[in-house]
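Trainee: I have a few labels I would like to see justified. Can we go through them one by one?
Mentor: Yes. Here is the model.

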Amino acid sequence: MSNDNKPKTPKDTHYAKLRRAHRDEKAGGAPAFRPRQPVPPGENATDGLVRLYGLHTVRAALDNPRRRIRKMLVTRNAAERLAIADLAALPFKAELVEPKEIDRVTGSDAVHQGVLIEAEPLKPKRLDALGETSLVLVLDQVTDPHNVGAILRSAVAFGAGALITTARHSPQESGVLAKSASGALEHIDQIEVKNLADALGQLHEAGFQTIGLDSDGPAELETSFAGDKIALVLGAEGKGLRQKTRETVTTLARLDMPGAIRSLNVSNAAAVSLYAAQRWFAHGK
């Protein structure tokens, strides 16, 4: 009697490949490879809604009492992973669908993981609504939603209390931004200002040291921290901080890097800077 559990040897695998090739040859050749045709994104959501997708993004949105969800498309597998036992019990319309139906909405390039929601965007807060926090991030016209989403994720991970952006030249809430943030969008105050220099002045009045990250900054970031409140200010890739911003911040500092590459992606620079700031709070003061 044969033993089906007997481990396969390299010789067995080789002969198995030869047998498959022989069968394919007799049948007229192996079936031709047909690459999957890309599906473009569908029309934008109506009524000023945003489409958010991905398991972490949607789970965080479901748990956020401030988030107003209007509709959900979800696969059976994703519903199980989100611990949704009864779609009918949700306080909004929810449909059980196949993955390809979500592809038609998001496009096949979006990693939706079988779930999509349509929701009202979160309303940005004003700077005078900044709560009690010792650490904030300020973005000077960082426009790439992937970068802003990654920065949001790092900000939440390192306990920053708010992300401050300008009303213009900053990305709006979107599926791409939210997916890059991996749920962090729901866990941090987002503050929108019209004039960044004025906002930095208000932060100074509130007791914040504002540190502008600049590759040519005169001091190392680690030696630049002072006081009990810190605002890290980062500029757009390529352009960096605008001149007015450079003139307004309390301190210009650099991240020293001993390697052959002398600069970091803005989202990576944000993560390193946040880590350094938390080390200062914990050990440096």
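Trainee: Why does Tyr275 count as partly exposed?
Mentor: This is a predicted model, so the value is computed from predicted coordinates. Tyr275 has 45% relative accessibility. Buried means under 20% and exposed means over 50%. The value for Tyr275 falls in between, so partly exposed is the label.

Trainee: What makes Phe158 and Tyr275 an aromatic pair, and of which kind?
Mentor: Their ring centres are 6.2 Å apart. The cut-off is within 6.5 Å, so they pair. The planes stand at 70°. Over 60 degrees counts as edge-to-face, so that is the name for this pair.

Trainee: Where do Phe158 and Tyr275 lie along the chain?
Mentor: Phe158 is in the loop between helix 5 (145-157) and strand 6 (162-166). Tyr275 belongs to helix 9 (residues 266-284). The two are 117 residues apart, and their pair links distant parts of the chain.

Trainee: Is Phe158 buried or partly exposed?
Mentor: Partly exposed, because its relative accessibility is 24% and buried requires under 20%.

Trainee: Why is the pair of Phe225 and Trp280 called stacked?
Mentor: The centres are 6.3 Å apart and the planes are at 25°. Stacked needs under 30 degrees, so the label holds.

Trainee: What does the pair of Phe225 and Trp280 tie together?
Mentor: Phe225 sits in the loop between strand 9 (219-220) and strand 10 (230-235), and Trp280 in helix 9. The pair therefore ties together parts that are 55 residues apart in sequence.

Trainee: Why do Phe225 and Trp280 count as buried?
Mentor: Phe225 has 8% relative accessibility. Trp280 has 17%. Buried means under 20%, so the label fits Phe225 and Trp280.

Trainee: How many aromatic pairs does the rule give?
Mentor: The count is 2.

Trainee: Now Leu55. Why is Leu55 called buried?
Mentor: Its relative accessibility is 9%. The cut-off is under 20%, so Leu55 is buried. Leu55 lies in helix 2 (residues 55-63). Its contacts beyond four places in sequence include Leu82, His112 and Gln113.

Trainee: What makes the phi of Gln113 worth a remark?
Mentor: Most residues other than glycine have a negative phi. Gln113 is not a glycine, yet its phi is positive, about 55°. Gln113 is in the loop between helix 4 (99-106) and strand 4 (115-119).

Trainee: Which sign does the phi of Ser182 have?
Mentor: Positive, near 50°, in a residue other than glycine. Ser182 lies in the loop between helix 6 (175-181) and strand 7 (189-193). The C-alpha atoms of Ser182 and Leu55 are 8.4 Å apart, with their positions 127 residues apart along the chain.

Conventions. Residues numbered from 1 in each chain as written. Predicted model: local features only at pLDDT ≥ 70, side-chain atom pairs only at ≥ 80, totals over all residues. Heavy atoms only, no water. Helix = DSSP H or I, 4+ residues; strand = E, 2+ residues; numbered from the N terminus. Buried < 20%, exposed > 50% of the residue type's maximum accessible area, 1.4 Å probe, protein only. Contact = heavy atoms within 4.5 Å. Phe/Tyr/Trp six-rings, centres within 6.5 Å; stacked < 30°, edge-to-face > 60°.
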